[in-house]
Amino acid sequence: MVLSITMIKKISSKQLIKGMYIHELDCSWMKHPFARNQFKITEIDDIKKIQTAGIKSLKIDTSKGLDIPVDNQKSPKEITSNHQTNKGTSPPSNNLTKIRKEAKQIKGHAEQAISNIMADVKLGQQVEMEQVTPVVDKMAESVLNNQNALLGLSRIRNMDTYTFEHSVNIGVLMMSFTKSRGMPTEVIHEVGVGGLLHDIGKALTPTEILNKAGKLTDEEFVIMRKHVVDSRIILEKTPGISQNALDVAALHHEKFDGSGYPDGKKGDEISIIGQMSAIVDVYDALTADRCYHKGQDPSIVLKRMLSWTGSHFNPQLMHEFIQCVGIYPPATLVMLSNSYLAVVIENNLNLLLPRVIAILNTKTNETIEPKLVDLSKQDKLKVISSESEHKWNIEPQKYLDLV
Ligand SMILES: [Fe+2]
C-alpha cells in the first residue's frame with residue numbers, strides 16, 4: 001500500500017526559506033511575478049520577489065520541500081494531512097527541542113565550513129585548521145551530550161550538497177562510534193576532523209565525474225578513486241593534523257580482505273580508526289539519496305553490511321557499530337505490533353525497544369497527533385519491522401523535529 005501524505009501549511013512570507021515548496025500564494029496568479037503557482041524556492045531572490053510583491057501569507061507543501069525550521073514550529077497539532085485526524089492523543093514532550101535546534105545549527109555550520117574549505121582547496125590553498133577546530137569542538141560537545149541529536153540529522157539529504165553532508169555525517173558517525181567504544185576525548189576530536197576532511201581530495205575531482213548521474217566508466221572510476229590519495233596529500237601538508245584524522249581520510253576505502261583502494265591494505269595493516277572509517281563511509285553512502293538511486297533504510301543497510309563482514313569489514317567492529325547506531329537508528333520508520341507506524345527518536349539500552357513517536361494507525365489509515373512512546377517502558381508494544389519511508393511517502397525527520 002502506498003500512501004501519499006500532503007502536508008499543507010499556511011505561513012507568513014517572512015518565514016520563507018530556500019528549499020520550501022510553494023503550494024499556493026495568497027494572491028491571484030496575475031498579481032505575482034512567477035510563471036507558476038506551485039514551485040520550489042531555489043533562490044533567495046524568489047523570497048525577495050514574493051515579499052516585494054506584497055504577499056503577506058502563503059501555503060507551503062512540506063511533503064515536497066522544507067518545513068519551517070524547528071524554532072518557528074508552533075506545535076505538533078498543526079500538522080494537517082489528507083488522512084483523517086484522531087484528536088484523542090497527547091502531543092510529545094518538548095524537552096529535546098533545544099538540543100535538536102542546536103544540533104541543526106552545528107550541522108549547518110559544519111557544512112558551510114566544508115564548503116569553504118573545498119572552495120579554498122580548489123584554488124590551490126591550504127586547509128586551515130582554524131576553520132575546522134571550532135566546528136569540531138561544537139560537534140564533540142553535541143555528540144558527548146546527546147549523540148542522537150546529530151545522528152538523527154544525518155537522514156536529511158540534499159543531492160546538491162551531498163559531499164558536504166556526507167563529510168559532516170562521517171564526522172558525526174566517527175565521533176559517535178569512538179565515543180561508544182570508550183575511546184579518549186582527544187581521539188573523538190581527531191576523528192571528527194578526519195571525518196569532516198576525509199573527502200577533501202574531491203575538491204580536485206572534475207565536477208562532471210563527481211556529479212555524474214549514471215554509472216562511471218572504468219577511466220572515470222580511476223579518476224574518482226584518486227580522491228583518496230589527494231585527500232591524504234592535502235592533509236599531510238596541513239599543519240596540526242593528527243595521525244587519526246589522516247587515517248580516516250587515507251583508509252576509508254580500504255577493505256578488511258584487501259580488496260579496497262588505494263593500497264589494497266588488509267586486516268591489521270589498516271589501523272582500527274581506518275577500519276572504523278570504512279564502515280561509517282559505506283553506511284552513510286548507502287543510506288543517502290543520490291541522483292541515481294534512493295537511499296536505503298538504515299536497518300536494511302546494517303543487515304546488508306553484516307552479511308559483508310569478514311570480507312569488507314572487521315566483524316567485531318561491525319557489531320560494535322550496530323551497538324552504536326542501534327538496530328533501528330534515529331529517524332527510522334518502524335511498524336509497531338499494534339499496527340501503528342512510528343518514527344524512532346532515540347535508542348534505549350535494549351536496541352529492540354527504542355523511544356518512538358507514533359504517527360499513523362495503519363489499520364484505519366488515520367494519522368494521529370504524534371505521540372511519544374518509550375517501548376522499553378511498555379509491556380505489550382514492540383517493533384515488528386522497519387518500513388520504507390519511500391513506500392509510505394513519509395519523511396521521518398519532520399517528526400523528529402517535533403520532539
Ligand atoms: Fe571517499
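Helices and strands are here DSSP runs, a helix having at least four residues and a strand at least two, and they are numbered from the N terminus. With that in hand, a label such as α8 or β6 can be found in the structure above, which is a predicted model. Let us begin with a place between two helices: P262 sits in the loop between α8 and α9. A cis peptide bond joins P262 to Y261, with omega at about 10°. That is worth a pause, because most peptide bonds are trans.

Now step back to the whole chain. The chain contains 13 helices and 10 strands. Of its 403 residues, 52% count as buried. Among contacts with a separation of 6 or more, 67% are between residues 24 or more positions apart.

Next comes the metal. Which residues coordinate the iron ion? The donors are D199 through OD and H227, H252 and H253 through NE2, at 2.1 to 2.4 Å. Along the chain, these donors follow the spacing D-x27-H-x24-H-H. H227 belongs to helix α7 (residues 218–236), while H252 is in the loop between α8 (243–251) and α9 (272–287), so this pair ties together parts that are 25 residues apart in sequence. H227 and H252 are both buried. As for the geometry, the angles among the four donor atoms run from 80 to 167°, and the site is irregular. Four donors count as tetrahedral if all angles lie between 85 and 135 degrees, so the 80 to 167° found here do not fit that description.

From the loop that holds H252 and P262, we can move on into α9. How far apart are the ends of this helix? The end C-alpha atoms of α9 are 23 Å apart, which agrees with the 22 Å that its 16 residues should span at 1.5 Å a residue. Because 13 of those 16 residues are buried, α9 is largely enclosed by the rest of the structure.

One residue of α9, Y283, leads us to the aromatic rings. A pair of aromatic rings is described by the distance of the centres and the angle of the planes. The structure holds three aromatic pairs. In one of them, Y283 and F321 meet edge-to-face, with 5.2 Å from centre to centre and 75° between the planes. This pair links distant parts of the chain, as Y283 is in helix α9 and F321 in helix α11 (residues 315–325), 38 residues apart. Y283 has 6% relative accessibility and therefore counts as buried; F321, at 0%, counts as buried too. Another pair, W308 and F313, is tilted, with 6.5 Å between the centres and 40° between the planes. Is W308 buried or partly exposed? W308 counts as partly exposed because its relative accessibility is 23%, whereas F313 is buried, with a relative accessible area of 2%. F321 and Y283 also belong, with F177, to one aromatic cluster.

F321 brings us to α11, a helix with two sides to look at. Its buried residues are L317, M318, F321, I322, C324 and V325. They cover an arc of only 155° around the axis, so they lie on the same side of α11. The face turned away from that buried side carries the exposed residues Q316 and Q323. What covers the buried residues? The cover includes α3 (129–153), α4 (162–180), α9 and α10 (298–307).

L317 shows this at the level of one residue. L317 is in α11 and counts as buried, at 2% relative accessibility. Among the residues that L317 touches, beyond its neighbours up to four places away in sequence, are F177, R181 and I279. R181 is 136 residues from L317 in sequence, yet the two are 9.4 Å apart in space, C-alpha to C-alpha.

Helix α5 (residues 185–197) makes a good companion to α9. Its 13 residues should span 18 Å at 1.5 Å a residue, and the end C-alpha atoms, 19 Å apart, agree with that. α5 is mostly covered, as 10 of its 13 residues are buried. Among these buried residues are V187, E190 and L197. They pack against α2 (97–122), α3, α4, α7, α8 and α9.

We end with two backbone details. Most residues other than glycine have a negative phi. S339, however, has a positive phi near 70°, and S339 is found in the loop between β6 (333–336) and β7 (340–346). N393 also has a positive phi, near 55°. N393 lies in the loop between α12 (389–392) and α13 (396–400), and because its relative accessibility is 37%, N393 counts as partly exposed.

Technical notes. Residues are numbered from 1 along each chain as its sequence is written. This is a predicted model: local features need pLDDT of at least 70, side-chain atom pairs count only at pLDDT 80 or more; totals for chains, interfaces and linings use all residues. Side-chain values use heavy atoms; hydrogens and water are left out. Donors are N, O and S atoms within 2.8 Å of the metal (3.2 Å for Na, K and Ca); water is not among the atoms, so sites may look incomplete. Four donors count as tetrahedral if all angles lie between 85 and 135 degrees; four count as square planar and six as octahedral if opposite donors are over 155 degrees apart and all others between 65 and 115; anything else is irregular. Buried means under 20% relative accessible area, exposed over 50%, partly exposed in between (1.4 Å probe, protein chains only). Rings of Phe, Tyr and Trp (its six-membered ring) pair if their centres lie within 6.5 Å; planes under 30 degrees apart count as stacked, over 60 as edge-to-face and the rest as tilted. The expected span of a helix is 1.5 Å times one less than its number of residues. Contact means heavy atoms within 4.5 Å. The arc is that of the directions from the helix axis to the C-beta atoms.
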